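Subject: Structure handover

Hello,

Please find the structure below. My notes on what turned up in it follow.

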Amino acid sequence: GSELRRALERSPNAPVLGNPQGDVTLTEFFDYNCPFCKKAEPDLTRLVKADGRIRLVHKDWPILGDA
C-alpha cells in the first residue's frame, strides 16, 4: 500500500511539475501516442498553475506503441 504509493509519488526519475513540496500529489500515467493524454494536458497544466499545492508526477506508460 503506502510503500508502493511512495515509490510512485516520490520516484527520483519521474518529472514533477507544479510545487515539488506540494501537499496534493497527482500521478499522471500517460502515453505520448495517446490522443486523450494530449487532450488532457492543457487542463492539467491549468490546474497545476491555478493551485500552488499540487505536485504533478508524470509516469510514461507506453501502451499504444514503443516509448
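The coordinates come from a predicted model. I start after the last strand named here: I63 sits in the segment that follows β3 (54-60). I63 counts as exposed because its relative accessibility is 62%, above the 50% cut-off. I63 is also part of a nonpolar surface patch, together with F29, W61 and L64. The accessible area of the four residues together is about 460 Å².

On the sheet: it is open, has three strands in the order β1-β3-β2, and its pairing is mixed. The edges are taken by β1 (16-18) and β2 (24-30). Each of these has a single partner strand, so one side of each lacks a neighbour in the sheet. From one strand to the next, the twist averages 25 degrees. Between β2 and β3 the pairing is parallel and covers seven bridges. One bridge links T27 to V57, its partner in β3.

On the helix: α1 lies across β2 and β3, and its direction is at about 90 degrees to β3. E9 belongs to this helix, which spans residues 2-9. Is E9 buried or exposed? With 15% relative accessibility E9 counts as buried, because the cut-off is under 20%. Leaving out residues up to four places away in sequence, E9 touches T25, T27, R55 and V57. Two of these contacts, T27 and V57, are the bridge partners mentioned above.

Regards

Definitions and conventions. Residues numbered from 1 in each chain as written. Predicted model: local features only at pLDDT ≥ 70, side-chain atom pairs only at ≥ 80, totals over all residues. Heavy atoms only, no water. Patch = residues over 30% accessible without salt bridge, like charges linked within 9 Å, V, L, I, M, F, W, Y side chains within 5 Å. Areas by Shrake-Rupley, 256 points an atom, 1.4 Å probe, with all protein chains shown as cover. Salt bridge = Lys/Arg side-chain N within 4 Å of Asp/Glu carboxyl O. Helix = DSSP H or I, 4+ residues; strand = E, 2+ residues; numbered from the N terminus. Buried < 20%, exposed > 50% of the residue type's maximum accessible area, 1.4 Å probe, protein only. Contact = heavy atoms within 4.5 Å. Pairing = 2+ DSSP bridges. Axes fitted to C-alpha atoms, helices over the stretch in contact; angles between N-to-C directions.
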